[in-house]
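Colleague: I'm new to this one, so could you walk me through it? I'll ask, you answer.

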Amino acid sequence: MARNGKIITGLDIGTTKIGVVVAEPTESCTFRILGIGNAPAEGFKKGAVVDFEKTVDSIRQAIDDAEMVSGRKIESAFVGISGDHIKSINSRGVVAIGKTGGEIMPGDIDRALQAAKSISIPADREIIHILPQTFIVDEQGGIKDPVGFTGSRLEVDVHVVTGSVTAIQNILKCIDKCGINIDELVLESLASSYAVLQKDEIDLGCVVIDIGGGTTDIVVFQDGAIKHTAVISMGGKNVTSDLAIGLRTPLDKAEQLKCAHGSALSMRVDAAEMVLVPGVTGRESKQVSRSVLASIIEPRMEELFSLVARELKKSQITEAPAAGVVLTGGGSLLDGTADLAEQIFDLPAKPAAPHNYENSSEFNPGPAFATGVGLIHYSLYRQEAGVSKTKGKGMLRTVEKIKKWLNEYF
Ligand SMILES: Nc1ncnc2c1ncn2[C@@H]1O[C@H](COP(=O)(O)OP(=O)(O)OP(=O)(O)O)[C@@H](O)[C@H]1O
Ligand SMILES: [Mg+2]
């Protein structure tokens, strides 16, 4: 297997599929996708490992698939993390500026971030991210980059994401068992945001909703920074099981019916349109109106969005996100989802698939791969310091370009 050239791997351990994206940085754009691997997720429920062996097998299968498609050996990966063990809070770090004649240096920012980190966190939780929101120099707030400012006191507002130590350890153990080194753990919704957002959406403020199988992850942006993140234990699988129960059909058939004929908005559906619903073993199939399917799906999607709306309220954003709602994840492929979101949030809503990478006709990852592709964006941003020491100018230019973009907005 070819080993030439640097590759970056994003490993998204979802509740329905394990998605692996292999990419290489490019000069002209950001990165090129070399291959995508995919395997059904087994042994993993709502972001937590419930069967060690099955999870390891699923990860191995997806990695093998990605290696075969990309022709590259995967040795390490940036890994997405989600689940209802994830919690987030906003915090503030404060430091005095003294030794440098009042001019703020990069080291002061590090100290301020360290100070923000020293909030009391229960022993069973660990910090996954500290995401700077805004800096305050003396009384002046709203500063994005305080280096070079003069002052006596530097404050930083941050968004802190934590996860359960046990849940994290279990995931790490499974990946280790597959012989893959972990570059970094990344909140899945943060990665998805990197993949699907446009610059102006971050500027104006928006809400990213990644509807997965077992979880729905949200990120709220205001003033170009992350104000709130949350993980809701509900997703496309709940819709499928409602259909299976409501129509008395096997789960796999319910899943097919949902994807092919389902809708989140019953008013969009022609009641005269009939679909064949297979019966549970031995029972006869029956013709059912598409509007019946939609009438089962709609309340669940309403419930999901009302839980998201509750999170928006918690986020205490001071103004409505002008760029509205950006929907991604496989669950966003459900017909009528964006229209229902517009009704519930009273905001413009649009579905979004990953972009911001060098396009290739061969690989066209849909919304289910937003996290996997976003992990590549994240990795380029994080690796910049190390890469700049070891790689040529081309790579450096690429990374600088990406870093500039990401630094500006995340
Ligand atoms: N065409 C479609 N219409 C409706 N739903 C769809 C469609 N395609 C996929 N889905 C749903 O998307 C969900 C899976 O999405 P995704 O692959 O983003 O989840 P995941 O990343 O595995 O899970 P999670 O993010 O919860 O860990 C499933 O519930 C599936 O039914
Ligand atoms: Mg997902």
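Colleague: Which domains does the domain assignment give for the protein chain?

Modeller: Keep in mind that this is a predicted model. The assignment, for its part, gives domain 2 as 198-351 and domain 1 as 87-164.

Colleague: And how far apart do the C-alpha centres of domain 1 and domain 2 lie?

Modeller: There is contact between the domains, taking 8 residues from domain 1 and 7 residues from domain 2. As for their C-alpha centres, the distance is 36 Å.

Colleague: How many helices and strands does the protein chain have?

Modeller: Helix H4 is one you'll meet again, at residues 188-196. Strand S1 is another element to remember, at residues 8-13. For the protein chain, the secondary structure comes to 11 helices and 18 strands.

Colleague: What is the radius of gyration of the protein chain?

Modeller: Along its principal axes, the C-alpha trace spans about 80 × 50 × 45 Å. For 410 residues the globule rule gives 22 Å, and the chain's own value is close to that, so it is as compact as a globular protein of that length. The radius of gyration is 22 Å.

Colleague: What share of the residues counts as buried?

Modeller: Buried means under 20% relative accessible area. The protein chain has 410 residues, and the buried share of them is 55%.

Colleague: How many residues of helix H4 are buried?

Modeller: Let's go through the helix. Among the buried residues of H4 are Glu-188, Leu-190, Tyr-194 and Val-196. The helix is largely enclosed by the rest of the structure, because its buried residues number 9 of the 9.

Colleague: Is Gly-10 buried or exposed?

Modeller: Gly-10 sits in strand S1. Outside its neighbours within four places in sequence, Gly-10 has contacts that include Val-20, Phe-78, Gly-372 and Ile-376. Its relative accessible area is 0%, and the cut-off for buried is under 20%, so Gly-10 is buried.

Colleague: How far is Gly-10 from Val-186 in space, C-alpha to C-alpha?

Modeller: In sequence, Gly-10 and Val-186 are 176 residues apart. In space, C-alpha to C-alpha, the distance between Gly-10 and Val-186 is 9.8 Å.

Colleague: Which residues does Asn-238 touch, not counting residues up to four places away in sequence?

Modeller: You'll find Asn-238 in helix H6, residues 236-247. With a relative accessible area of 16%, Asn-238 is buried. Its contacts beyond four places in sequence are Lys-46, Gly-213 and Arg-300.

Colleague: Is Asp-346 buried or exposed?

Modeller: Asp-346 is in the loop between helix H9 (337-345) and strand S18 (349-351). Its phi is positive, about 55°, although Asp-346 is not a glycine. Exposed means over 50% relative accessible area. Asp-346 has a relative accessibility of 68%, so it counts as exposed.

Colleague: Where does Asp-223 lie?

Modeller: Asp-223 is a residue other than glycine with a positive phi, near 50°. As for its place, Asp-223 lies in the loop between strand S13 (216-222) and strand S14 (225-232).

Colleague: Last one: how far apart are the mean positions of the positive and negative charges?

Modeller: The protein chain has 43 positive and 52 negative charges. The mean positions of the two sets are apart by 3 Å.

Terms used. Residues are numbered from 1 along each chain as its sequence is written. Chains are lettered from A and ligands numbered from 1 in the order in which they are written. This is a predicted model: local features need pLDDT of at least 70, side-chain atom pairs count only at pLDDT 80 or more; totals for chains, interfaces and linings use all residues. Side-chain values use heavy atoms; hydrogens and water are left out. Helices (H or I, at least four residues) and strands (E, at least two) are DSSP runs, numbered from the N terminus. The radius of gyration is taken over C-alpha atoms; the globule rule is 2.2 Å times the number of residues to the power 0.38. Buried means under 20% relative accessible area, exposed over 50%, partly exposed in between (1.4 Å probe, protein chains only). Lys and Arg count as positive and Asp and Glu as negative; His and the chain ends are not counted. The place of a charge is taken as NZ of Lys, CZ of Arg, CG of Asp or CD of Glu. Domain bounds come from an automatic or database domain assignment. Contact means heavy atoms within 4.5 Å.
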